[in-house]
Amino acid sequence: MAGARLIDCIGNTPLIRLNRVSEQSGCEILGKAEFMNPGGSVKDRAALGMVLAARESGALSDGGVIVEGTAGNTGIGLAMVGSALGHRTVIVMPDNQSAEKIDTLRAHGADVRLIPAVPYKNPEHFVHTSRRLAESLNESEPNGAFWANQFENLSNREFHERTTGREIWEQTGGDVDGFVCAVGTGGTLAGVGRALKAAKPDVMIGLADPGGSALHSYFASGTLEIDGSSISEGIGNSRITANLDGAPVDESWRIPDDEAVPLVYDLIRDEGLVLGGSSGINVVGAMRMAATLGPGHTIVTMLCDSGLRYRARLFNADYLASKNLALPDWWDG
Ligand code: PMP
């Protein structure tokens with residue numbers, strides 16, 4: 001076979017040196033370019049890991065429907081992987097997510113069901129709604145339906161352990177002192193953390209937590225308490241998911257939007273990288289870790305998706321002003 005399969009183009013992303021923050025901190029700060037995955041985000045990996053495991057276990061039959069509740073990127077990954085492997089995808093999504101992600105899902109042919117955003121404990125939360133929908137489609141669909149359940153399905157973090165973690169180890173030649181990122185499901189942080197700790201027990205694993213999430217409070221003091229808010233999407237959580245449970249986290253930092261958003265713009269000007277808000281949170285997290293470890297260390301973080309997925313918010317002066325944030329003077333978007 002001359003050409004690659006689309007699913008084989010997921011992963012093996014470059015590790016890009018972030019020059020300005022490396023120079024400022026005296027550390028090598030490297031970003032894993034997950035926006036270069038074919039579906040445009042880090043979640044292509046979780047999608048592929050969950051679909052391959054479900055096909056292997058028989059939870060997803062040939063021609064079966066994939067169902068998921070997602071803030072967007074996982075749905076895009078699932079729709080892409082699903083189409084490539086002969087599955088239709090139904091996505092249940094809270095209605096407060098960016099229009100660009102909804103458009104992208106629809107462009108992939110996903111059946112998108114928008115529902116009001118409510119707290120997790122409400123039975124109408126998108127995770128519970130998607131589970132009920134999968135149960136009913138499993139009865140009515142000729143080839144059944146599979147609920148991906150990215151928060152609790154351990155194929156998510158296992159795929160990161162096998163791919164993202166191993167890639168980082170190989171790309172740095174084992175010369176890595178720390179890894180830091182934000183958590184949505186926890187698949188990335190737990191998977192990469194486990195892989196790197198297995199290879200080098202004294203590597204530092206850090207959480208970069210946005211406002212509106214309870215995870216910093218959990219890792220800092222043992223209690224889940226939500227604090228503040230953030231315009232970032234796809235990250236933060238109010239509970240310990242199965243994927244995050246047992247993640248080897250050494251340090252945690254609360255990263256405010258008024259540091260992460262200016263950093264997103266710095267990355268455009270200084271590096272030529274147009275990235276989403278979670279990447280800004282992650283790179284500020286890497287700088288916190290650099291300050292903790294001191295100069296001379298190598299720290300890896302994730303560049304999760306493209307800023308073009310958030311054009312109307314992160315790059316919109318009125319939207320930012322409504323959140324007491326501002327566009328930088330030099331930016332003329
Ligand atoms: N960044 C973005 C943009 C995301 O969509 C997500 C996942 N929702 C994450 C980061 C976090 O990844 P994980 O689910 O592996 O914790």
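**Close-up views of the ligand site and helix pairs**

**View 1. Thr188 meets the ligand through its side chain.** An N or O atom in the side chain of Thr188 lies 2.5 Å from an oxygen atom of the ligand. Around the ligand as a whole, the protein covers 95% of the 390 Å² of accessible area that the ligand has on its own. Please keep in mind, here and in the views that follow, that this is a predicted model.

**View 2. Gly184 and Asn73 also face oxygen atoms of the ligand.** For Gly184, the partner is a polar backbone atom, 2.7 Å from a ligand oxygen. Asn73 uses its side chain instead, where an N or O atom is 2.9 Å from an oxygen atom of the ligand.

**View 3. A shell of 15 residues surrounds the ligand.** Those that come nearest are Lys43, Gly184, Thr185, Thr188 and Ser278. Sorted by class, the shell holds eight polar, four nonpolar and three charged residues.

**View 4. Helices H2 and H3 pack against each other at an angle.** Here you can follow H2 along residues 43-57 and H3 along residues 73-85. Their axes are 8 Å apart, and the angle between them is about 45°. Angles that fall outside the roughly parallel, antiparallel and perpendicular ranges count as oblique, and H2 and H3 are therefore oblique to each other. Their crossing is right-handed.

**View 5. H3 has a second partner to look at, helix H4.** H4 spans residues 99-107, and its axis comes within 9 Å of the axis of H3. The two axes cross at roughly 10°. Because angles under 35 degrees count as roughly parallel, H3 is roughly parallel to H4. The crossing of H3 and H4 is left-handed, whereas that of H2 and H3 is right-handed.

**View 6. Helices H6 and H7 cross at roughly 50°.** H6 covers residues 155-171 and H7 covers residues 187-199. The axes of H6 and H7 come within 7 Å of each other. With that crossing angle, H6 is oblique to H7. To complete the picture of this pair, H6 and H7 make a right-handed crossing.

Key:
Residues are numbered from 1 along each chain as its sequence is written. This is a predicted model: local features need pLDDT of at least 70, side-chain atom pairs count only at pLDDT 80 or more; totals for chains, interfaces and linings use all residues. Side-chain values use heavy atoms; hydrogens and water are left out. A residue is near a molecule or strand if one of its heavy atoms lies within 4 Å of it. A polar contact is a pair of N or O atoms within 3.5 Å; within protein, one must be able to donate a hydrogen and the other to accept it, and residues adjacent in sequence count only if both atoms are side-chain atoms. Accessible areas come from the Shrake-Rupley method with a 1.4 Å probe; for residues, only the protein chains shown count as cover. Ala, Val, Leu, Ile, Met, Phe, Trp, Tyr, Cys and Pro count as nonpolar, Asp, Glu, Lys and Arg as charged, and the others, Gly among them, as polar. Axes are lines fitted to C-alpha atoms, for helices over the stretch in contact, and angles run from 0 to 180 degrees between N-to-C directions. Helices (H or I, at least four residues) and strands (E, at least two) are DSSP runs, numbered from the N terminus. Angles under 35 degrees count as roughly parallel, over 145 as roughly antiparallel, 65 to 115 as roughly perpendicular and the rest as oblique. A crossing is left-handed if the near helix is turned anticlockwise from the far one by less than a right angle, and right-handed if clockwise.
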